[in-house]
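User: Hey, I've got a structure to look through and I'm new to this. Can we go over it together?

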Amino acid sequence: MIDRKRLPMENVKENGTMKNYEVETPKNITIKGILSLLMQSIDEKDDRSAISLGMGDPSTYSCFHTTPIAQQAVVDALQSDKFNGYSPTVGLPQTRRAIADYLSRDLPYKLSSDDVFITSGCTQAIDVALAMLSHPGANILLPRPCFPIYELCAAFRGLEVRHFDLLPEKGWEVDLDAIEVLADQNTVALVIINPGNPCGNVYSYQHLKEIAEMAEKHKILVIADEVYGHLAFGNNPFVPMGVFGSIVPVLTLGSLSKRWIVPGWRLGWFVTTDPSGMFRKPKVVDRIKKYFDILGGPATFIQVCVFLFLFEYTVIPNPPPTFSFSSFHLFPLVQNFVFSG
Ligand SMILES: Cc1ncc(COP(=O)(O)O)c(C=O)c1O
């Protein structure tokens, strides 16, 4: 028999009625939230069309489409009847290997498949990173401006957010002096988005090194959101933060969504770019794996096509003339919009 006195209070009916489950929801608003507010207020009878300047979904622009080779690979995978089952929750071994090999091409060391965990888009990789790091009293350093999901996710996890500014006069570099002031013994990580959303900046090798050194000084790891990896405009080439993994442990987050123009396929990665092996400690690995057991992972038939994307189709072929109207090209102009008043 259940001992009612030992049940948590939330589970006990009070006076025969259910407890109230209307828990306070974090007030943070995301880009998708704002967009849906705007769309709701559009007058359906008004025949003027609305132009979206905000969504990072390249597939909504007719000039962007993914390769027919990958589409055919998905069809083949489905029709083969071989990939209708569950994959391991951390991802198929061949998918983990393909991503490890792909990312290792730009690193001074080689990642192993065990460093790679397959997620449902980069959004879920963000959730995994914050879930793994949250504990009572912990805080995280986020850039301002930032991709809003980080703040929302931190709010759901009870993780205190501390902001450091990105400096427009220095090409949206991280204000390293602010990190010095904000970081304390309860800081678990600092987040960088490179290439940046929403500012379109691409950090130089030197600046990334300075960030790594600052993080190491405060013994905090770096979460590097590289969902726009290699979509770099301007003078700086894209350098992955993992290059500095020997200075400070880095969690690299990415996905197929932007570069390969398939955000709806929901295929992303959470990667421990950490040659020092901090994330290979059995207890840490066990915790990450258990969390993935809850998540379940993206569709198996999409996972089998990842190799093709990464190694046989890595650039947008023959950008059409309309290419410059893409949201990607607009990013660097955000600075002018914001600071011209
Ligand atoms: C900086 C940043 N991180 C993560 C994401 C989410 O990526 P995904 O669509 O793969 O979940 C986005 C999407 O716009 C983004 O801009």
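User: Is leucine 310 buried, partly exposed or exposed, and why?
Analyst: Keep in mind that this is a predicted model. Leucine 310 counts as partly exposed because it has 19 C-beta neighbours inside 10 Å, and a residue needs 20 or more to be buried.

User: Ok, and where does leucine 310 sit?
Analyst: You'll find leucine 310 in helix 10, which covers residues 306-312.

User: What does leucine 310 touch, leaving out residues up to four places away in sequence?
Analyst: That would be Ala98, Ile99 and Tyr102. Take isoleucine 99: in sequence, 211 residues separate it from leucine 310, yet their C-alpha atoms are 7.6 Å apart in space.

User: New topic: the sheet. How many strands form it, and in what order?
Analyst: Eight strands, in the order 1-8-7-6-5-2-3-4. The sheet is open, with mixed pairing.

User: Which strands stand at the edges?
Analyst: Strand 1 (116-119) and strand 4 (173-174) do. Each has a single partner strand, so one side of each has no neighbour in the sheet.

User: How does strand 1 run relative to strand 8, parallel or antiparallel?
Analyst: Antiparallel, with four bridges joining them. Isoleucine 118 stands opposite tryptophan 269 in strand 8.
Analyst: Helix 3 (residues 93-104) packs on the sheet too, touching strand 1, strand 7 and strand 8.

User: Last one: how many residues are in the largest nonpolar core?
Analyst: The largest nonpolar core has 75 residues, and Val191, Val222 and Leu253 have the most contacts inside it. Helix 4 (residues 121-133) gives the most to this core, six residues.

Definitions and conventions
Residues are numbered from 1 along each chain as its sequence is written. This is a predicted model: local features need pLDDT of at least 70, side-chain atom pairs count only at pLDDT 80 or more; totals for chains, interfaces and linings use all residues. Helices (H or I, at least four residues) and strands (E, at least two) are DSSP runs, numbered from the N terminus. A residue is buried if 20 or more other C-beta atoms lie within 10 Å of its own, exposed if 12 or fewer, and partly exposed in between; C-beta atoms are placed from the backbone. Two residues are in contact if their C-beta atoms, placed from the backbone, lie within 7 Å. A nonpolar core is a set of buried Ala, Val, Leu, Ile, Met, Phe, Trp, Tyr and Cys residues joined through C-beta atoms within 7 Å. Two strands pair if DSSP finds at least two bridges between them. Axes are lines fitted to C-alpha atoms, for helices over the stretch in contact, and angles run from 0 to 180 degrees between N-to-C directions.
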